[in-house]
Number of protein chains: 2
Amino acid sequence: MCSLCELGSGVHGRVAQYERVEKVRLLVVDDDPPIADLVATVARYEGWDAVTAYSGEDALVRAAEFRPDIVVLDLMLPDLDGFGVLDRLRHSGTMVPVVFLTARDGVADRVAGLTRGGDDYLVKPFAVEELMARLRTVLRRSAGPGFQRSVLRVADLTMDEDTREVRRADRLLSLTPTEFEVLRYLMRRSPTVLTKAQILDHVWEYGFGGRSNVVELVVSRLRRKMDEAGGEPLIHTVRGFGYVIRRQAAE
Amino acid sequence: MCSLCELGSGVHGRVAQYERVEKVRLLVVDDDPPIADLVATVARYEGWDAVTAYSGEDALVRAAEFRPDIVVLDLMLPDLDGFGVLDRLRHSGTMVPVVFLTARDGVADRVAGLTRGGDDYLVKPFAVEELMARLRTVLRRSAGPGFQRSVLRVADLTMDEDTREVRRADRLLSLTPTEFEVLRYLMRRSPTVLTKAQILDHVWEYGFGGRSNVVELVVSRLRRKMDEAGGEPLIHTVRGFGYVIRRQAAE
DNA sequence: TGGCTGCTGTCGTTTTCCTGTCGGGGTGCT
DNA sequence: AGCACCCCGACAGGAAAACGACAGCAGCCA
């Protein structure tokens, strides 16, 4: 078995990276190089081994030599299309889990049949953190029985990614989807300080238009919900740079 | 003896690398790779070991080397047909239980399949949760004498999968087949939050068409039936994400 | 065969509440 | 003090969910 079993412990991604025996191996297949590279880069930042392919044929070659633990596969490819790639992957006997990328339109219907298993799909344009979250989930599940809940923890704040329960000192917080994603990203990277641009780039769909103060706003809302029943502030502003979540600000 | 003897009560509770129960071993035989693959993926998602075969001859080879605990067998195979495979399996002395897949029409097939030693059958296209439910049942039955009922429980809601009785605080609910399946899936995965896409993909037949609000609708109907005689709501909406069934989280 | 019954999914309306924009005022740094 | 920078109240537009009404259909029984 591969290193997958190590995934999903309740530790921050940063720390887990060093505890993991082997890196997760990710193959990204997309004919749009910027997108493929974006995903690969984020994955590497997370401590994974990532390889890209820009065509279907290329994907098969890479898969054979790289033996990925998981594949991100765009369905819209120039030569062999996504289904063809999947077909030939399966015929070669590999059960590697796949997360599909599709355009907004009707192709999603055809994907449905393929994703029932536990593979997954995402509609373009997607948010990078959401893709990473799905990949982690698929990996955790395919690691077999004995998979554990993924619980993030910072001080007395906990987030269960499966039940989507977020608690501050046992008090349940009710978060909107956006708030949940921002908080998840902050917690995963804690105690790293993140710029607003980073947060925007990871949590919002790539290609999200206008500069705006959405991040500030969401952080503000998060703070109110987190602190309204007391407790020290956990999200700190690093003026002129960004935000961080951790027990206390640097003195 | 095979790992079946190890199977405890609720098949789904088989966890923990330390309590180490062996994984169920499933062989899927279907000449349509996407289908075989689909089933195998779902099974692995549940923590089983799954292997696929795309032809009758292949199936026999795999069976010999893999020694499955249960087999899913399509009747329509290019070379040796399903019955042929079954016969030769039996001749080699294995009593491994078999669940057949048949096309929509073959009423004759059903009877024949059962009388020739098959343990259950399902008509294509099927819903993956229904297939998994049947497999679990067959496994429990063949696990030996004194097999126990599978009863799912969430708060004061119970579902007996064998009798199909669903009770809310001892009051018997009358559910339609679809409602039953949706509720079963929610209960099995409780307290995980499931997206509408997941529910659709698992409970409806593969190949079910696109956009619709069926899931919302069935959930709405379930809620009415569950709550009409009082009691706290158990199915919760996680706005922007999906549904979950559980006792209302504290506070 | 034809009516009856109950199940399922579609449509359209209503309701809920999420999200991003704007702008005034506050805060910290130099 | 002056200037960025940040916080956050208020609000509008719109997305998501709940649900009533209805039509197609399958199974059943006479």
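The exchange below goes through the DNA surfaces, one helix pair and two single residues of a predicted model.

Me: What should be known about the model and its numbering before starting?
Reply: This is a predicted model, in which local features need pLDDT of at least 70, side-chain atom pairs count only at pLDDT 80 or more, and totals for chains, interfaces and linings use all residues. Residues are numbered from 1 along each chain as its sequence is written, chains are lettered from A and ligands numbered from 1 in the order in which they are written, and side-chain values use heavy atoms, with hydrogens and water left out.

Me: How many residues surround DNA strand C, and which are the closest?
Reply: DNA strand C is surrounded by 21 residues, the closest being Thr176(A), Thr178(A), Arg221(A), Thr176(B) and Thr178(B). A residue is near a strand if one of its heavy atoms lies within 4 Å of it. Of the atoms of DNA strand C that come within 4 Å of the protein, 59% belong to sugar and phosphate.

Me: Which polar side-chain atoms lie by a phosphate oxygen of that strand?
Reply: One belongs to Thr176(A), at 2.6 Å from a phosphate oxygen of DNA strand C, and another to Trp204(B), at 2.8 Å from a phosphate oxygen. A polar contact is a pair of N or O atoms within 3.5 Å.

Me: And which side chain lies by a base oxygen?
Reply: Arg239(A) has a polar side-chain atom 3.3 Å from a base oxygen of DNA strand C. Two or more residues of the surface near this strand come from each of helix 7 (177-189) and helix 9 (214-227) of chain A, and helix 6 (177-189) and helix 8 (214-227) of chain B. Helices here are DSSP runs (H or I, at least four residues), and strands likewise (E, at least two), numbered from the N terminus.

Me: How do the residues near each DNA strand divide by class?
Reply: Near DNA strand C there are nine nonpolar, eight polar and four charged residues. Near DNA strand D there are two nonpolar, eight polar and 10 charged. Ala, Val, Leu, Ile, Met, Phe, Trp, Tyr, Cys and Pro count as nonpolar, Asp, Glu, Lys and Arg as charged, and the others, Gly among them, as polar.

Me: Which residues come nearest to strand D?
Reply: Of the 20 residues around DNA strand D, the nearest are Thr237(A), Tyr243(A), Lys196(B), Thr237(B) and Tyr243(B). Sugar and phosphate make up 72% of the atoms of DNA strand D within 4 Å of the protein.

Me: What about its polar contacts?
Reply: An N or O atom in the side chain of Lys196(B) is 2.4 Å from a phosphate oxygen of DNA strand D, and a polar side-chain atom of Arg224(B) lies 3.2 Å from a phosphate oxygen. In the side chain of Asn213(A), an N or O atom is 3.0 Å from a base nitrogen.

Me: Changing topic, which residues of helix 1 and helix 5 of chain B meet?
Reply: Leu38(B), Val39(B), Val42(B) and Ala43(B) in helix 1 meet Val128(B), Leu131(B) and Met132(B) in helix 5, with contact meaning heavy atoms within 4.5 Å. By class, this contact has seven nonpolar, no polar and no charged residues.

Me: Is Thr158(A) buried or exposed?
Reply: Thr158(A) counts as buried, at 17% relative accessibility; buried means under 20% relative accessible area, exposed over 50% and partly exposed in between (1.4 Å probe, protein chains only). Thr158(A) is found in strand 7 (residues 157-160) of chain A.

Me: And where is Asp31(B)?
Reply: Asp31(B) is in the loop between strand 1 (25-29) and helix 1 of chain B, and is partly exposed at 35%.

Technical notes. Polar contact = N/O pair within 3.5 Å; in protein donor to acceptor, adjacent residues only side chain to side chain.
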